[in-house]
Amino acid sequence: MESRVKPGFNGVSGASDSRRGYMGAAAAVGRKPQVDGCSVALRVFILAATLVAAVLMGVDRQTSTVQVTIADALPPLKVPVTAKWSYSSAFVYFVVANAMACAFSVVSLAACRSRSAVLPLMIGDLVMLALLFSAVGASAQFGILGERGNSHVQWGKVCHVYNKFCERAMAAVIVSLIAAFTNLVHLMLAILDIHKNSSYY
């Protein structure tokens, strides 16, 4: 009597099929898996966006002149003051997080044909997603503080003095936020692709 076993319930074919979706459908045995063009395009976009965000923030610097009044009878002194991204721990974290995401994108593009790299890449995508969103949140909060100040703790706003610095920082945060959402979309598509190609479902 011919034995009929549903694929996926014997623990053999299901495990291999579930790995096909992340980098595209697997090719024949002994060949490298085909690369999903959409996945590659998204990774290239994430690489470019995180690189732009890191560079924008990394070169952000502005020197302005402020007037300091020592006494009413004396004329105000003009003092040059400088704003730089490295003066803020939030911006330093932002640059490091985007640089790490950019480097990971390069590694993931290089390893996209390796079937053994599917799980490490997915874990790395999750870590990079958390890093990007946390860096965007921290930098955006610091930027809002510089734009509006905080009257409860007597922190004055500074973006009226460093307008160009704040504009470049805002642009970097927006680009990084777009990269984070692109990474989220890429990860969701990968999970759906694995679910679709898995014989367990």
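Me: How much of the chain over residues 123-145 is helix, and how far apart are the end C-alpha atoms?
Reply: In this predicted model, that stretch is 100% helix and 0% strand. Its end C-alpha atoms are 33 Å apart.

Me: What makes residues 123-145 a stretch to look at?
Reply: An unreviewed UniProt entry lists them as "transmembrane region". The record also lists residues 40-59, 90-111 and 170-192. Over residues 40-59 the chain is 95% helix and 0% strand. There the end C-alpha atoms are 29 Å apart.

Me: Why are helix 2 and helix 5 called roughly antiparallel?
Reply: Look at the angle. Helix 2 (residues 37-58) and helix 5 (residues 163-197) pack at about 160°. Angles over 145 degrees count as roughly antiparallel. Therefore helix 2 and helix 5 are roughly antiparallel to each other. Their axes are 8 Å apart, and the crossing is left-handed.

Me: Which residues make the contact between helix 2 and helix 5?
Reply: Helix 2 brings residues including Leu42, Arg43, Phe45 and Ile46. Helix 5 brings, among them, Ala172, Val173, Asn183 and His186. By class, the contact has 17 nonpolar, six polar and one charged residues. Arg43 is one of the contact residues, and Arg counts as charged.

Me: How do you know how helix 2 and helix 3 are oriented to each other?
Reply: Use the cut-off again. Helix 2 and helix 3 pack at an angle of about 150°. Over 145 degrees counts as roughly antiparallel. Helix 2 and helix 3 are therefore roughly antiparallel. Their axes are 8 Å apart. The crossing is left-handed. Val40, Arg43 and Leu47 are among the helix 2 residues in this contact. Helix 3 adds residues including Phe91, Phe94 and Asn98. The classes are 17 nonpolar, five polar and one charged.

Me: Why are helix 3 and helix 5 called oblique?
Reply: Their axes cross at roughly 40°. Roughly parallel needs an angle under 35 degrees, and roughly perpendicular needs 65 to 115. The value 40° fits neither range. Helix 3 and helix 5 are therefore oblique to each other. The axes come within 12 Å, and helix 3 passes helix 5 in a left-handed crossing.

Me: Which residues make the contact of helix 3 with helix 5?
Reply: Phe91, Phe94 and Asn98 come from helix 3. Phe165, Ala169, Ala172, Val173 and Ser176 come from helix 5. By class, there are six nonpolar, two polar and no charged residues.

Me: How many aromatic pairs does the structure hold?
Reply: Three. One of them joins phenylalanine 91 and phenylalanine 165.

Me: What makes the pair of phenylalanine 91 and phenylalanine 165 tilted?
Reply: First, the distance. The ring centres are 6.1 Å apart, and the limit for a pair is 6.5 Å. Next, the planes. Under 30 degrees is stacked and over 60 is edge-to-face. These planes are at 55°, so the pair is tilted.

Me: Which parts does this pair tie together?
Reply: Phenylalanine 91 lies in helix 3 (residues 89-110) and phenylalanine 165 in helix 5. So the pair ties together parts that are 74 residues apart in sequence.

Terms used: Residues are numbered from 1 along each chain as its sequence is written. This is a predicted model: local features need pLDDT of at least 70, side-chain atom pairs count only at pLDDT 80 or more; totals for chains, interfaces and linings use all residues. Side-chain values use heavy atoms; hydrogens and water are left out. Axes are lines fitted to C-alpha atoms, for helices over the stretch in contact, and angles run from 0 to 180 degrees between N-to-C directions. Helices (H or I, at least four residues) and strands (E, at least two) are DSSP runs, numbered from the N terminus. A crossing is left-handed if the near helix is turned anticlockwise from the far one by less than a right angle, and right-handed if clockwise. Contact means heavy atoms within 4.5 Å. UniProt positions are given in the numbering used here, feature names are shortened, and annotations may be inferred rather than shown by experiment. Rings of Phe, Tyr and Trp (its six-membered ring) pair if their centres lie within 6.5 Å; planes under 30 degrees apart count as stacked, over 60 as edge-to-face and the rest as tilted.
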